[in-house]
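Here is a friendly note to read alongside the model. Please keep the picture open and look up each part as you go.

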Amino acid sequence: MWVLCGFNSISPEPAKIFSIAVLAAAKEKGLSTCIETSGYASGDVITRIAKYTDTFYYDYKATGDEEHSRLCGVPQTVILRNLSLLDELDANVTLRCPIVPGQNQTPEHIKGIANTAALHSSVKQIHLEPF
């Protein structure tokens, strides 16, 4: 049995605390846990969440700061830094990559996904998801 929490990284602090409490309670009951996240959060939050998370569904929407800012409104820097943090924490990550025709359906982005996965030991799977 699984508990899946959608983790909105820009949500108020009480929601983050609630998410951590739900994950901790699930682990205490012996349930497997999974977080779906953009990765755009503080390293402290990622570390606290990782303690109770078996699998991260980690969004990878665009390659490069400029393109990520254009499509998502924020640079990719924090997201990649947190992916490196998950490497250090020996996490289990599935990159979830929505492919949007006319936006990020490019050879450069597909190569970026592959390169990112190759550079991060925490990435165990890649899901290319049609949008």
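1. Let us start with a word you will meet often: a residue is buried when its relative accessible area is under 20%, exposed when over 50%, and partly exposed in between, using a 1.4 Å probe on protein chains only. By that cut-off Cys97 is buried, at 0% relative accessibility. Cys34 is buried too, with a relative accessible area of 2%. Across the 131 residues of the protein chain, 40% count as buried.

2. Some ground rules come next. This is a predicted model, in which local features need pLDDT of at least 70 and side-chain atom pairs count only at pLDDT 80 or more, while totals for chains, interfaces and linings use all residues. Residues are numbered from 1 along each chain as its sequence is written, and side-chain values use heavy atoms, with hydrogens and water left out.

3. How many disulfides does a search of the whole structure find? The search finds zero, where a disulfide is a pair of cysteine sulfur atoms within 2.5 Å.

4. Now for the overall plan. The protein chain has five helices and five strands; these are DSSP runs numbered from the N terminus, with helices (H or I) of at least four residues and strands (E) of at least two. Reading from the N terminus, the order of elements is β-α-β-α-β-α-α-β-α-β. Take contacts, meaning heavy atoms within 4.5 Å, between residues at least 6 apart in sequence: 67% of them join residues at least 24 apart.

5. Strand E3 (residues 55-59) is a good place to look next, as four of its five residues are buried. Two strands pair if DSSP finds at least two bridges between them. E3 pairs in the parallel sense with strand E2 (residues 32-37) over four bridges, and Cys34 stands opposite Thr55 in E3. The route from E2 to E3 passes through H2, and this β-α-β crossover is right-handed: with the strands pointing away from the viewer, the path from the first strand over the helix to the second runs clockwise.

6. E3 also pairs with E4 in the parallel sense, again over four bridges. Here Tyr58 stands opposite Leu95 in E4.

7. Which strand pairs with E4 over seven bridges? Strand E5 (residues 123-130) does, in the parallel sense, with E4 covering residues 93-99. Val93 stands opposite Val123 in E5. Helix H5 (residues 107-119) joins E4 and E5 in a right-handed β-α-β unit.

8. Please also look at two helices. Helix H2 (residues 43-50) and helix H4 (residues 77-88) pack at an angle of about 35°, and their axes are 10 Å apart. The axes are lines fitted to C-alpha atoms over the stretch in contact, and angles run from 0 to 180 degrees between N-to-C directions. Gly43, Ile46, Thr47 and Ala50 in H2 meet Asn82, Leu85 and Leu86 in H4.

9. Arg81 is found in helix H4. Is Arg81 buried or exposed? With a relative accessible area of 52%, Arg81 is exposed. Arg81 and Tyr40 are 41 residues apart in sequence, and their C-alpha atoms are 9.4 Å apart in space.

10. Finally, visit Asp90 in the loop between H4 and E4. Asp90 has a positive phi of about 55°, although it is not a glycine. At 66% relative accessibility, Asp90 counts as exposed.
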